[in-house]
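Visitor: Please show me the model, and I will ask how its descriptions are justified.
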Amino acid sequence: MAPSATDALRARARPLAALRHRTLARHRGVRDTAEARAWTLDAVAAALALPHVRLRVLGTATAPRAFALQGLVREGWHGRSYVSALGDADPDDAEAVAWLGRALAELALHRSGEYLLDLDVAYRAALPALASVGVGVDSVVLVGEPREALERLVAHRDPPPDLRHLGLQLGRLRRPHLGAAVALRRRVFAAEPQWAWFGAWPEHLARIEAAWAEACEDRASLLYAIHAGDQLVGVCHASIQEDTPWWGRKAGMDLVFDPSIQGRGVIWTVYRVLLERLTRRGVAAFVGGTAQPAVMRLAALMGRWPRSLNLRSQPSLPLAHFQSHLPGILAG
Ligand SMILES: CC(C)(COP(=O)(O)OP(=O)(O)OC[C@H]1O[C@@H](n2cnc3c(N)ncnc32)[C@H](O)[C@@H]1OP(=O)(O)O)[C@@H](O)C(=O)NCCC(=O)NCCS
């Protein structure tokens, strides 16, 4: 029987996915399992199936030293279309990594609209080539181990377990306050898009609202509001995903504070509260992208490590921003 289109794509994707998985598996905390390999293979095969796909390979199709590809995603996680790029190389092969930068940059010339690339930190040497076509770092994806992070946070600062010392109340977000919570997010990211350029988009906010509405109904969820009297001035959420292929039980965090409570150290207590709960739930890793100085400062203290760089066209912040807050991030 002739193989289906999917089988053919998977066969093409297999050597590329092997390259990708090899780099990924070097990261602390990543599970090098058959399931994770299968997931990576599916992800590369899906990328090869994108509309307007372009692929460049260094070496041969069956024994690549590096590859770069990009295609169009019609409805992305943020609700709009974008050009999605990915690429991998043997990180120990400097020539292949340099080729990767040039190939991704050449493909990026064929972009229209939003362009996004998740580049493993092992390929930092590719950044100058990408910068030459206007693609730069938007955020750094950091990974932390909740128990270690909590221990380090407490050893460094021992933040109070609530916000009463600041005259604020921290409690579960309740359904009647959902509208105010979404409005806060819209307001904050409309004013400061450099922290999340998609943060105030209606399509994105609709997804956030749906997720928060569900979390309001779920007694096990970790979705909190901060109130100053009867005014909602902050939202914090740790969302747990069970059994992800690379990390096992994994969490993402989402923090948005009104300017009136920013710069007062609220984040210390919020991390303590969320990390205590993640530790109790046996979460193996908390993973997320950020450009926020406060988040990067606490990440360094908590022993979080960088996994990848989110790149986009015309980034809001210079590379020096990330270098100054996470010294060493751009050094191999
Ligand atoms: C990012 C955010 C959660 C930080 O919370 P916060 O409680 O306001 O944090 P703070 O400003 O009090 O800073 C916490 C620590 O980081 C340090 N920090 C903050 N900005 C810094 C900077 N530019 N450079 C170096 N350190 C910085 C502070 O000095 C502080 O440490 P200290 O208490 O020892 O002095 C909050 O400001 C916010 O909601 N911002 C808008 C939404 C957003 O960007 N969310 C995060 C997206 S990833």
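The questions below take up overall shape, one helix and the ligand shell.

Guide: This is a predicted model, in which local features need pLDDT of at least 70, side-chain atom pairs count only at pLDDT 80 or more, and totals for chains, interfaces and linings use all residues. Residues are numbered from 1 along each chain as its sequence is written.

Visitor: Why is the protein called as compact as a globular protein of its length?

Guide: Its radius of gyration, taken over C-alpha atoms, is 21 Å. The globule rule (2.2 Å times the number of residues to the power 0.38) gives 20 Å for 332 residues, and the two values are close, so the protein is as compact as a globular protein of that length.

Visitor: What makes Thr40, Val44, Ala45 and Ala47 of helix 2 count as buried?

Guide: A residue is buried if 20 or more other C-beta atoms, placed from the backbone, lie within 10 Å of its own, exposed if 12 or fewer, and partly exposed in between. Those four residues of helix 2 are buried.

Visitor: How do you know where on helix 2 the buried residues lie?

Guide: Seen down the helix axis, they fall within an arc of 160° (directions from the axis to the C-beta atoms), so they line one face of helix 2. The face turned away from that buried side carries the exposed residues Ala34 and Glu35.

Visitor: What makes a residue part of the shell around the ligand?

Guide: Its C-beta atom, placed from the backbone, lies within 6 Å of the ligand. 18 residues surround the ligand, the closest being Trp195, Phe257, Ile267, Pro293 and Ala294. Helix 9 gives the most, with four residues.

Note on methods:
Helices (H or I, at least four residues) and strands (E, at least two) are DSSP runs, numbered from the N terminus.
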